[in-house]
Amino acid sequence: MPSVPATPPATEPAPADWGDRVGDTSLSIRVPAADALVTTGFPAHVSVLHPFVPRASLGPASRAALAALVAAHPPFTLRFTRFGHFPGVLYLAPEPHPVLHELSAALRRAWPEALPYRGLFGPAGLPPHLTLATHAAPGTDRAVYGPLEERYGAALPLHAEVGRLGLTVYTAAGEWREESALPLGAAAQG
């Protein structure tokens, strides 16, 4: 997977900052069908657990446990039928899917130190979402994002067949790079 530009590496983020740190990892689902709608500079994705754990803590036993946990969940389909907003953010909301929620909860149970968004939004983090744009100031997002919703509405619904999670790592070059693909359920068999 090509490297993805990201925010410059932070040396000492503030306690309430989920800024990218060299060696951070993240588990996510790529959604190529939505790439043309995303204005953030990142490929379209839904974070399953971000950040995950530091890359340095992922030795062979941890990687094997992670692969087994992911493989214990079946492949599934995500549907995106509506837009949502966080302050300053436009996103697509994946239709609720039990496997996505179960997978995220299982990862948090197995790695309790991996607080979604470093705990900034509470222990559960944010609801699953696919970020489309983040350039509006909080309170102005409806005015800024309304035209985008009108333009992108014709592309909905979008579907994503999910057969794997991507494990990405934040590099010293200030980029997120996919390090490995973790197959789900039957996808792990072939």
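# Close-up views of a predicted model

**Figure 1. The largest nonpolar core of the predicted model.** Among the 44 residues of the largest nonpolar core, those touching the most other members are F52, L107 and L130. The element that gives the most to this core is α2, with five residues. The contacts of L130 reach V31, A34, V38, A44, H45 and V46, and also F80, L90, Y91 and L92, when residues up to four places away in sequence are left out.

**Figure 2. The whole protein, for orientation before the remaining close-ups.** The secondary structure consists of four helices and nine strands. In sequence order the elements run β-β-β-α-β-β-α-β-α-β-β-β-α. The protein has 190 residues, and 43% of them count as buried. When contacts between residues at least 6 apart in sequence are considered, 71% join residues at least 24 apart. The exposed surface comes to about 9,300 Å², of which carbon and sulfur atoms supply 59%.

**Figure 3. The salt bridge between D24 and R118.** The closest N and O atoms of D24 and R118 are 2.4 Å apart. D24 lies in the loop between β1 (4–5) and β2 (25–30), while R118 lies in the loop between α2 (98–110) and β6 (130–133), so the salt bridge ties together parts that are 94 residues apart in sequence. The side chains of D24 and R118 are also joined by a polar contact of 2.4 Å. Is D24 buried or exposed? D24 counts as buried because its relative accessible area is 8%, and buried means under 20%.

**Figure 4. The surroundings of D24.** D24 is found in the loop between β1 and β2. Leaving out residues up to four places away in sequence, D24 touches G19, P51, V53 and R118, together with T168, V169, Y170 and W176. R118, listed among these contacts, is the salt-bridge partner of D24.

**Figure 5. Further salt bridges.** The structure holds seven salt bridges. One of them joins the side chains of D35 and R30, at 3.2 Å from N to O. D35 is partly exposed, with a relative accessible area of 32%, and R30 is partly exposed at 25% relative accessibility. Another salt bridge joins R177 and E175, with 2.7 Å between the closest N and O atoms. Which side of the 20% limit for buried residues does E175 fall on? E175 has 19% relative accessibility and therefore counts as buried, since buried means under 20%. R177, at 38% relative accessibility, counts as partly exposed. A network of salt bridges links R55, R63 and E179.

**Figure 6. The stacked aromatic pair F86 and Y91.** How many aromatic pairs does a search of the whole structure find? The search finds four aromatic pairs. One of them is formed by F86 and Y91, which are stacked, with 4.4 Å from centre to centre and 25 degrees between the planes. Both F86 and Y91 are buried. Y91 is also one of the residues touched by L130, a member of the largest nonpolar core.

**Figure 7. The edge-to-face aromatic pair Y117 and F121.** The rings of Y117 and F121 are 5.8 Å apart, centre to centre, with 75 degrees between the planes. This pair counts as edge-to-face because planes over 60 degrees apart are classed that way. Y117 is buried, with a relative accessible area of 10%, whereas F121 is partly exposed at 35% relative accessibility.

**Figure 8. P128 and its contacts.** Where does P128 lie? P128 lies in the loop between α2 and β6, and R118 of Figure 3 is also in the loop between these two elements. P128 is partly exposed, with a relative accessible area of 23%. Apart from residues up to four places away in sequence, P128 touches V46, P94, L100 and H101. V46 is also among the residues touched by L130. P128 and S104 are 24 residues apart along the chain, and their C-alpha atoms are separated by 9.5 Å.

Conventions
Residues are numbered from 1 along each chain as its sequence is written. This is a predicted model: local features need pLDDT of at least 70, side-chain atom pairs count only at pLDDT 80 or more; totals for chains, interfaces and linings use all residues. Side-chain values use heavy atoms; hydrogens and water are left out. A salt bridge is a side-chain nitrogen of Lys or Arg within 4 Å of a carboxyl oxygen of Asp or Glu. Buried means under 20% relative accessible area, exposed over 50%, partly exposed in between (1.4 Å probe, protein chains only). A nonpolar core is a set of buried Ala, Val, Leu, Ile, Met, Phe, Trp, Tyr and Cys residues joined through side-chain atoms within 4.5 Å. Contact means heavy atoms within 4.5 Å. Accessible areas come from the Shrake-Rupley method with a 1.4 Å probe; for residues, only the protein chains shown count as cover. A polar contact is a pair of N or O atoms within 3.5 Å; within protein, one must be able to donate a hydrogen and the other to accept it, and residues adjacent in sequence count only if both atoms are side-chain atoms. Rings of Phe, Tyr and Trp (its six-membered ring) pair if their centres lie within 6.5 Å; planes under 30 degrees apart count as stacked, over 60 as edge-to-face and the rest as tilted.
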